[in-house]
Amino acid sequence: MEHTNTSIRPQNTRAIMAFLREHAPFSSMDDGHLAHFAEHSTLKYYADEDVVLCPEDGAVTTFNVVKQGRIRGERLKSSGGETETTFEISQGECFPLAALIGERPTRTLHRAAGDTFCLSLDHDGFVTLFSESEPFRDFCLRGVSSLLDQVNRHIQSGAMASISPTTSLDTPLDRFAIRNPIVCSPDLPVRKVVARMHENNVGSMIITDDNRHPTGIFTLRDLRTMVAEQQATLDDPVSKVMTPAPRCLPSTDHAFDAALLMAEHHFAHLCVVDSEDRLIGVVSERDLFSLQRVGLVHLARTIGTASHLRTLVSLRSEVSRLVDTMLAHGADSGQIVKIITTLNDVTVRRVLELNIKKHDPGIPFTWLTFGSEGRQEQTLLTDQDNGILFETPDGMTEGQVREKLLPFAERVNHELAECGFTLCKGNIMASNPKLCLSSNEWDDWFIRFIDDSTPQNLIYSCIFLDMRAVFGPDKPLDDLLKKIVNRIEKNGLFQKMLAGNAVTRRPPLTVFRTFRYAPDGEKNTLDLKRQGLAPFVEAVRVFALANGIEEPNTLERMDRLVEKGVFDRQDASAWKEAYSLIQLIRMRTHQEQLAAQHPLSNYINPDDLNPLDRRILRESFRQAQRLQQKLETAYLL
């Protein structure tokens, strides 16, 4: 069907400019550039089902913006001659960027969905804007990524603008590392090590082997401990008193990675190594000056050394302040949820340590955490999903071990509740006898879980297939996970059941690209966790387990799926961005709720968002739909 082109008359220029200002990237562009667009564009009409662009048209020569209506993208399914909808574009959105920049035909057929009007800018006009307008050029080159930057800038400006942005959390460690650090061999006497540290005015000495691989670290704190506890003499070799196997990070990692590791393990020095694990530098907590101001490491250490439960309770409010600070400092949502998770882990460990001091059950155990905490994706709104894994000592039965561990677990669960981790309404807690199990019992439980795909087990899969150890030995859980993942990898029926369950949680978009509100909660609200994040989490979990990936974190699972060739790198990048954007809006909502002294909630009314946030949220939900379509295709759902 032919379509009608209508040239915009000069008197319409202001109306077109007003329309453009409501949408990114035009909302960031100069009036002169907007006027250029309005004066050089053509208004085109397409009837329902008209083809707007197709691969057979040759290289794309126009830049288009939907003024009214919708454009649907269609591609042939790999399995046959049928087509599938890969995206839908609505008011204020642009197309086809990648093809236009690449000066190639579009790979997707663009079809009008209902009566549709588009503003179309010819190639010369596009080149002019691309060369003269930085916001326009940035958007064309990076698409939704540039919109994410706008959101981040908005969030940062509204958080704590007083913090200096001179050192970013994304600064490579190579910038921080003290080059050519003072080193020694493991046989050097402590006396000479201390003398060399004094001469060079440093607080630590790295011990290396003949290939310059770090084998230990000796600090002034180690010296004080050695003298106080009479562990050795000054003439003994430093290898006797050094801390072996110091923590190392590659120089390509970022300041954020170093701060998180220091916060989690309460140490103040890190070795920076090259690709062959040779020492090239040392980073101390003091070197991370801007991060020291942020207070992550200090807060983690204060939590990790608290001597009373009441101290831990009082420190929880500091976590919210830290999140504000991190937002202002440029941390992305993935970094912030890991920060929150790290501080949660430190708190849980300290509650366990304080209870062991008072009521040691006398049985070694591993404290497990499930769900979002297991994925390291926790926000300030959190409840408890935990359990216990133990090895049965000789001479005891599993029931006898439980008798000792359950009262201990119950105290821990209630004290964690005092610290802000609310008790789980579904009783997914270590004080539940069904979740305080030996390695063999957990193994048997998962065998039944996988072999009997009941509706309840499929619900449980969202919790128990994402787990980590936060206290105690890691090996029992590592061994258990290998068995679980291996069984799922070989069980196609269970995978298909998981996939079918995953696609029942649809992203909240109607066929008309408007928001589909949550059935519960306040009127006209979306549930950012269940409707927004869960479709990504659950679809990615299926692909990860089916491909033998043990990592529980959603973003890390996507990276591993790209490495295995299961996900296209560009698709995974779009899905990671979309997931992170929803998480970012969710965290900002939590911060606003705290500031207003409202209860924390995952519900949000999209009408309360600005046009940019609404557009990004809609695009993010659309990416979730694409991911679910891939899952449906893979399992013929």
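**Exercise 1. Work out where Ala 112 sits and what surrounds it.**

Start with burial: Ala 112 has a relative accessible area of 0%, so it counts as buried (under 20% relative accessible area; exposed is over 50%, partly exposed in between, with a 1.4 Å probe and protein chains only). A quick word on the model before going on: it is predicted, so local features need pLDDT of at least 70 and side-chain atom pairs count only at pLDDT 80 or more, while totals for chains, interfaces and linings use all residues. Residues are numbered from 1 along each chain as its sequence is written, and side-chain values use heavy atoms, with hydrogens and water left out.

Next, place the residue: Ala 112 belongs to strand S8 (residues 109-112). Helices (H or I, at least four residues) and strands (E, at least two) are DSSP runs, numbered from the N terminus.

Then list the contacts (heavy atoms within 4.5 Å). Leaving out residues up to four places away in sequence, Ala 112 touches Tyr 46, Ala 47, Asp 48, Glu 49, Asp 50, Val 52, Arg 70 and Ile 71. Finally, check Arg 72: it is 40 residues from Ala 112 in sequence, with 6.1 Å between the C-alpha atoms.

**Exercise 2. Find the pairing partners of strand S9 and say how enclosed S9 is.**

Take S2 (residues 41-46) to begin with: it pairs with S9 in the antiparallel sense over 6 bridges (pairing needs at least two DSSP bridges between the strands). Here Leu 43 stands opposite Leu 119 in S9.

Now turn to S4 (residues 62-68), which is also antiparallel to S9, over 6 bridges. In this pair Thr 62 faces Asp 122 of S9.

As for enclosure, S9 (residues 116-122) has 5 of its 7 residues buried, so the rest of the structure largely encloses it.

**Exercise 3. Lay out the sheet that holds S11 and follow Cys 184 through it.**

The sheet is open, has 4 strands in the order S11-S12-S13-S14, and mixes its pairing. S11 (183-184) and S14 (243-244) are the edge strands with a single partner each, so one side of each has no neighbour in the sheet.

Step inward from S11: it pairs with S12 (residues 204-208) in the parallel sense over 2 bridges. Cys 184 has Ile 207 of S12 as its bridge partner. Cys 184 is buried too, at a relative accessible area of 5%.

Then add the helices. H8 (residues 190-200) lies across S11, S12 and S13 (214-219), at about 70 degrees to S13. H9 (residues 220-229) lies across S13 and S14, also at about 70 degrees to S13. Axes are lines fitted to C-alpha atoms, for helices over the stretch in contact, and angles run from 0 to 180 degrees between N-to-C directions.

**Exercise 4. Describe the largest nonpolar core and the contacts of Phe 446.**

Such a core is a set of buried Ala, Val, Leu, Ile, Met, Phe, Trp, Tyr and Cys residues joined through side-chain atoms within 4.5 Å. The largest has 64 residues, of which Trp 442, Phe 446, Leu 465, Phe 567, Leu 617 and Leu 631 touch the most other members. H21 gives the most to this core, with 11 residues.

Zoom in on Phe 446: beyond four places in sequence, it touches Phe 464, Leu 465, Met 467, Leu 480 and Ile 484. Another core, of 59 residues, lies apart and includes Leu 261, Leu 312, Val 337 and Val 346.
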